[in-house]
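Colleague: I am new to this structure. Please take a close look at one part of the surface, then set the aromatic rings and the rest around that part.

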Amino acid sequence: MVTPAHVAMPQCLMLQSIFIYHLSYHTPSNIVLKTAQDHPYLDRMLKSSLKYALLGIIGLQWRSSAFTPQSIVRPASSTSTTYVPILKDQSRCSIRQIGIRNDSSPGSEHSIQNQPFTNRRSTNLKAGVDIMSLSRTIFTTTATVPLLASFGINGSLFILLKSKLKKLLTPSGYYHSLALGTMLWHTIGWRGWTTCVLYLGLGSLVTKVKFQQKEAMGIAEGRGGRRGPENVWGSAATGLACAAASVQLHPIVGSASSFFGFLTYDLLILAYVSSLATKLADTSASEIGKAYGKTTFLITTMERVDPGTEGAVSLEGTLAAAVGGSFLPIYASAIGFMNGGLVSIGIATLAAFLATNAESLIGATLQGKKGFEWMTNEVVNFFNTVIGASIAIGIGSFLL
């Protein structure tokens with residue numbers, strides 16, 4: 001039975017971490033120390049508090065059956081009975097009692113089903129968090145990851161890597177990325193999460209190519225290339241929608257086998273990867289074209305224009321789009337996230353390339369024109385990813 005102390009401890013640790021974080025980053029310096037970076041001991045305190053808070057929260061979730069790993073649950077007192085949780089579904093586990101029962105002969109089995117661990121008073125169990133089971137839960141490939149665990153792992157990573165992430169993201173973009181990362185890990189796990197992180201890393205890297213030269217020409221990305229909330233959602237909203245929909249079609253935990261008779265789990269994962277590959281291809285074409293493009297043409301009329309013009313294309317940028325659009329599909333296939341092998345890689349890469357050129361057409365014909373003032377660069381990016389995902393689904397429905 002879980003006592004109030006068992007419940008209160010993780011919550012207290014979580015509140016302690018939030019309190020220390022708030023004090024160290026958001027209060028005036030004449031009240032408390034303003035930043036943990038200036039005071040190493042406070043920084044260590046913050047990181048330690050977050051680490052123990054994460055373990056406490058995960059322990060609480062495990063006790064309340066939010067986790068369902070196949071871990072060993074040890075009896076509180078030494079007996080001849082062993083209790084082994086059997087993975088049943090996302091919120092309940094059954095226990096198989098193997099050995100000598102008080103009311104039966106040796107070797108008999110008994111199942112206690114449809115009861116959360118916290119309500120099994122008759123078994124008098126004392127549960128402990130198994131690190132291997134915890135790892136299997138967080139890095140599962142056969143089910144969705146509990147939302148609180150996803151937030152915990154993302155929050156810890158974002159805190160530990162905050163100084164580096166601040167170079168890639170604006171302050172508000174940092175928190176929006178945390179929300180995005182939490183939802184991605186919750187729905188499609190670490191494989192889909194790392195695919196998105198790879199996009200962020202490669203996109204930021206290609207943005208920095210000859211950045212000072214582009215800045216001098218007035219065609220560099222604003223804010224030093226750092227991504228804000230509008231960039232986060234303009235690039236990843238389509239992917240997140242695909243990830244959320246894929247949960248309903250998951251081969252193990254999903255409630256349906258397809259949408260509209262043809263849209264399957266594999267197609268949604270292909271669409272997710274293609275949407276991010278499309279954005280990376282677009283970023284590669286734009287940034288490499290501005291840095292190395294010798295001759296730039298408007299895609300609609302083939303008229304020569306200055307680099308950085310909306311709808312402009314160049315040979316160098318076009319080649320960069322073809323190459324840049326292949327990185328994420330290759331990675332996703334290599335780690336087993338996207339099925340279909342070379343066929344899926346080819347579909348996602350082709351979809352990314354075609355959608356990038358479609359984005360150039362939208363930029364040349366609509367963006368910035370009268371009556372389309374609402375069509376900002378971020379809105380165009382969103383349409384771009386939708387086009388890429390749609391092309392991938394269309395082709396994939398015939399070839400996969």
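Modeller: L400 counts as partly exposed, because its relative accessibility is 46%. The scale has three classes: buried means under 20% relative accessible area, exposed means over 50%, and partly exposed lies in between, with a 1.4 Å probe and protein chains only. This is a predicted model, in which local features need pLDDT of at least 70, side-chain atom pairs count only at pLDDT 80 or more, and totals for chains, interfaces and linings use all residues. Residues are numbered from 1 along each chain as its sequence is written, and side-chain values use heavy atoms, with hydrogens and water left out.

Where does L400 sit? L400 belongs to the segment after α12 (377-399). Helices (H or I, at least four residues) and strands (E, at least two) are DSSP runs, numbered from the N terminus.

L400 helps to make a nonpolar surface patch of about 450 Å². Its partners there are V343, F398 and L399. Patch residues have over 30% relative accessible area and no salt bridge; nonpolar side chains (Val, Leu, Ile, Met, Phe, Trp, Tyr) are joined within 5 Å, like charges within 9 Å. A salt bridge is a side-chain nitrogen of Lys or Arg within 4 Å of a carboxyl oxygen of Asp or Glu. Areas come from the Shrake-Rupley method with a 1.4 Å probe; for residues, only the protein chains shown count as cover.

Now helix α11. G341 is found in this helix, which covers residues 341-365. G341 is partly exposed, at 29% relative accessible area. I330 is eleven residues from G341 in sequence, and their C-alpha atoms are 8.8 Å apart.

Next, the rings. The whole structure holds six aromatic pairs. One of them joins Y174 and Y175: the centres are 5.1 Å apart and the planes stand at 90°, so this pair is edge-to-face. Rings of Phe, Tyr and Trp (its six-membered ring) pair if their centres lie within 6.5 Å; planes under 30 degrees apart are stacked, over 60 edge-to-face, the rest tilted. Y174 has 2% relative accessibility, so Y174 is buried. Y175 has 35%, so Y175 is partly exposed. Take F372 and W374 next: with centres 6.2 Å apart and planes at 45°, the pair is tilted. F372 is partly exposed at 28% relative accessibility, and W374 is partly exposed at 46%.

Ring pairs also link Y174 and Y175 with F158 in a cluster. A charge joins the picture at Y174: K166 lies over the ring face, 4.7 Å from the ring centre. Elsewhere, K208 has its charged end over the ring of F211, 5.1 Å from the centre. Such a charge is NZ of Lys or CZ of Arg within 6 Å of the ring centre and within 35 degrees of the ring normal.

Two loops deserve a stop. Most residues other than glycine have a negative phi. R223 has a positive phi, near 60°. R223 lies in the loop between α7 (211-217) and α8 (229-248). R223 is partly exposed, at 41% relative accessible area. M302 is not a glycine either, and its phi is positive at about 60°. Its loop runs between β6 (297-298) and β7 (312-313). M302 is partly exposed, at 48%.

Last, the whole chain. The protein chain has twelve helices and seven strands. Of its 400 residues, 45% count as buried. Its accessible surface is about 19800 Å², and 63% of this belongs to carbon and sulfur atoms.
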